[in-house]
Amino acid sequence: MQLPYIPTDVPFTGDQKAWLAGFLAGLNTRMTMPQPASAPGLGHTSAESSTADVSQPLLIAYGTQTGNAEMLAEKAKAKAAEIGIDARVCDLADLDLAAFGTTTRLLVVTSTYGEGDMPDDAEDFWQALAAPEVGRLDGLTFGVLALGDSIYDGFCQAGKNVDARLAELGATRVVERVDCDVDYQQTADEWLARALPLFAAATPQQTGSELADEAPAPAATVELSEAGKDFTEKASKPARQRKSTWGRKNPYPATVIANTVLSGSGSAKEVRHLVISLGDSGITYEPGDGLSVVPRNDPALVDRIIDRLGVSPQTPVVDRKEQRPLREALLHRYEIATASKYLVDYIAARSGDAELTHLASTGDREALDAWLWGKDVLDLLNVDESLTITPDELLAELQPLAHRVYSISSSPRAHAGTVHLTMATVRYRSGERDRGGVCSTHLADRIADDETIGVFVTPNKSFRLPPDDAKVVMVGPGTGIAPFRAFLHERAERGATGDNWLFFGDQHETCDHIYRDEIDQFVSDGLLTRLDLAFSRDQEHKVYVQDRMRARGAELFRWLDDGAYLYVCGDATRMARDVDDALHEIIAEHGGHSASAAQDAVSQLKKDKRYMRDVY
C-alpha cells in the first residue's frame with residue numbers, strides 16, 4: 001500500500017502511518033450536495049431541507065422510519081471524529097446520486113420498513129440507484145449497516161439491496177455488511193469499531209480484504225513516539241465511562257398509576273389508556289416519540305411448555321452465557337407466543353410431520369404463515385407429541401423476547417412526570433385455547449399494584465411537530481390517534497398558532513370514539529380547526545379515513561399547497577397504503593398533475609419532512 005503524504009523517515013509504526021494516511025487523504029476530499037428542487041404545486045420547500053452542506057471525506061447517509069438509523073448515523077459521526085475522520089451525516093432523502101462523482105467514502109445506515117421495503121425517506125434514493133441508466137461508481141468505497149426485525153421475511157432487505165447494488169455498480173466494499181436485529185446496539189457498535197478504521201485507511205483502488213489486512217486494528221492501543229503524540233489513535237482507547245442512562249439494556253422500573261378501558265360496551269376491541277409514572281428517573285421525551293416496554297410472557301403458557309418438556313421449572317439452562325432456571329428464562333428471555341422460523345425448521349426435521357416438512361421445504365412463506373397463524377411454541381412442540389426435546393435444544397431455536405414500542409399519547413408539558421399510552425389489548429382464540437398479545441395482556445391483566453414494568457424512550461426524530469405557526473394534518477384511526485393526542489396537548493401548551501386538522505375513525509361511534517371528550521374540547525377551544533370522522537360500520541357502506549380525505553380533497557390540497565405538514569399513524573399493512581393512495585389521487589386531481597407528477601410531489605413532501613408516518 002502506498003501511503004500519501006507520509007515521509008519515510010517519520011518515527012511511526014506501519015499501523016500509525018496507515019491511520020494517518022487515511023486521515024490526511026480524507027482532508028483533500030470534499031463534496032457539495034445539490035439543493036433539492038421544489039415539488040410542483042405543494043407550497044415551499046422547508047428551510048430544514050432547502051440546503052444541505054455535506055462537504056465531507058466520509059459521507060454517512062441514513063434511511064430511517066422511526067429514527068434508529070439516524071441515531072446510529074450520528075453515533076458513527078462521533079466515533080469517526082474520535083479517530084480523526086471528518087464526517088458528515090445526511091438523510092438519504094437529500095442525497096443526489098450526482099454527489100457520488102465527488103466523494104470516495106460512503107457509509108450507509110438504513111432500516112427496513114414492513115416486509116422488506118425501503119423506509120419512506122430512502123425510497124427515491126433507491127429508485128435512482130436501481131435505475132438501469134445509473135452510472136458506474138468505481139471510485140467509491142462503501143459499507144452498509146442494516147437494521148431490521150428477523151420475525152419478518154424481508155429481514156434487513158433494504159440494507160441488503162443497497163449493499164448489493166453499490167457493489168454491482170463497481171463500488172468497493174470496505175467492510176462486509178452487518179444485519180442487525182431489534183436488539184441492535186452491541187452488533188452496530190462492534191461493526192462501527194471495525195469499519196471506521198478501514199474507512200480511515202481506504203483508497204478507491206483497494207479491496208476490502210486488502211484494507212482488512214492493512215488498516216489499524218480497532219481494539220489495539222497504539223502508542224506513538226514523542227514526535228507523533230498529537231496523532232494518538234483515539235479509537236483504540238477504552239470508551240470513556242459515561243453516566244448510566246435508561247435504555248434497552250437498563251430499562252427504568254416504572255409504576256403504572258392508571259389503567260383505564262377507553263372502548264365502550266359493544267366494541268369489538270379493548271382499547272386502554274395507561275398512565276405511567278416516570279418518578280425520579282429523569283426520563284425526557286418529545287411528542288412523536290415511542291415508549292418501549294419490556295414484556296413478560298404469560299406464566300400459564302410458560303408452565304404448559306415446561307410440562308410438555310417433562311422437566312422441573314427449576315431445571316438450570318444456559319442463557320446468554322449465564323445459568324438461570326428454565327421457568328425464569330421462558331418468562332423473561334424468549335419469544336414463546338409466536339414460533340420462530342428456526343423452530344419450524346427444527347421441528348420439521350425432527351418430527352418428520354408430512355405437512356410441516358412440506359411447508360418448510362417449499363419456501364412458500366405465504367402458505368407457512370397461514371399455517372402458523374395463531375400457533376405458539378407449545379403448538380409446534382405438539383406437532384409430534386412423541387418428540388423428546390431438551391430445554392437447551394428448545395432455547396437454541398427461540399428468538400430473544402423483544403421489547404414492544406408504543407406511540408406516546410401524552411405531552412411532557414401537559415402531563416409532567418408521566419407518560420401515557422393508548423393500547424389495544426390483543427385477545428383471540430385459536431386451537432381451543434385463549435391467547436393474547438404478549439405485552440398488551442401483560443399490561444392489561446398481570447401487573448399487580450406493587451409491580452413495576454421496564455420502560456425506556458425510543459426517540460422518533462422522523463415524527464416531530466413543525467414550527468408553531470405551521471398547519472398540521474393528522475390521520476390516525478383507532479389507536480393511531482395516540483401521537484396526535486400528544487401533538488394537540490403540546491400545541492395547546494405552547495400556544496401554537498398553526499391550524500390543526502384531524503382525521504379519525506374506527507368501527508362504531510358509540511363505543512369506539514376514544515378520547516371523545518378531549519377532542520370535543522379541542523374543537524370548542526379552537527385548537528382543532530377541522531375534524532373529520534369515519535366510523536366504518538355505522539352505515540351500509542364502509543367509510544374509512546381515506547374516504548374522508550378524498551371527500552375533502554380540494555381543501556386538503558389547499559392546506560398542503562399552503563405548507564401544511566401531513567402525519568399518518570396506524571396500521572402499515574392496509575390503512576397507511578390506502579391513505580398514501582388517496583394522497584396521490586388528491587394531488588393529481590386537485591393539483592392538475594399527471595400520476596407521475598403527483599408521485600414526484602409526494603416524494604418532495606417526504607424530502608421536505610412534510611409527509612411523515614409512524615406506522616406498524
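Let's start with one pair of residues: T110 stands opposite A146 in strand β4. That pairing is a handy way into this predicted model, since β4 is a good place to begin a tour. From there we will move to an open sheet of six strands and to helix α15, which lies across several strands.

**Strand β4 and its surroundings**

- Strand β4 covers residues 141-147 and is mostly covered, with seven of its seven residues buried.
- In a regular strand, side chains alternate between the two faces of the sheet.
- In β4, T141, G143, L145 and L147 point one way, while F142, V144 and A146 point the other way.
- Residues on both sides of β4 are buried, whichever way they point.

**Parallel partners of β4**

- Strands of a sheet pair through backbone hydrogen bonds, either parallel or antiparallel.
- Strand β3 (residues 105-110) pairs with β4 in the parallel sense, over six bridges.
- Strand β5 (residues 172-173) also pairs with β4 in the parallel sense, here over two bridges, and T141 stands opposite T172 in β5.
- Strand β6 (residues 178-180) runs parallel to β4 and is joined to it by three bridges.
- If you look for A146 again, you will find that its bridge partner in β6 is D179.

**Helices that link these strands**

- Between β3 and β4 comes helix α4 (residues 123-130), and together the three make a right-handed β-α-β unit.
- A right-handed β-α-β unit is also made by β4, helix α5 (residues 157-168) and β5.

**The open six-stranded sheet**

- Following the sheet across, the strand order is β12-β9-β16-β7-β8-β13, and the pairing is antiparallel.
- At the edges are β12 (404-407) and β13 (418-424), each of which pairs on one side only.
- Neighbouring strands of this sheet are turned by 40° against each other on average, direction ignored.
- Within the sheet, β9 (residues 290-294) and β16 (residues 453-458) run antiparallel and are joined by five bridges.
- To find this pairing in the structure, look for G290, which stands opposite T458 in β16.

**A helix across the sheet**

- Helix α15 is made of residues 438-445 and runs at about 70° to β12.
- The strands that α15 lies across are β7 (252-261), β8 (271-277), β9, β12, β13 and β16.

Note on methods. Residues are numbered from 1 along each chain as its sequence is written. This is a predicted model: local features need pLDDT of at least 70, side-chain atom pairs count only at pLDDT 80 or more; totals for chains, interfaces and linings use all residues. Side-chain values use heavy atoms; hydrogens and water are left out. Two strands pair if DSSP finds at least two bridges between them. Helices (H or I, at least four residues) and strands (E, at least two) are DSSP runs, numbered from the N terminus. Axes are lines fitted to C-alpha atoms, for helices over the stretch in contact, and angles run from 0 to 180 degrees between N-to-C directions. Contact means heavy atoms within 4.5 Å. Buried means under 20% relative accessible area, exposed over 50%, partly exposed in between (1.4 Å probe, protein chains only). A crossover is right-handed if, with the strands pointing away from the viewer, the path from the first strand over the helix to the second runs clockwise.
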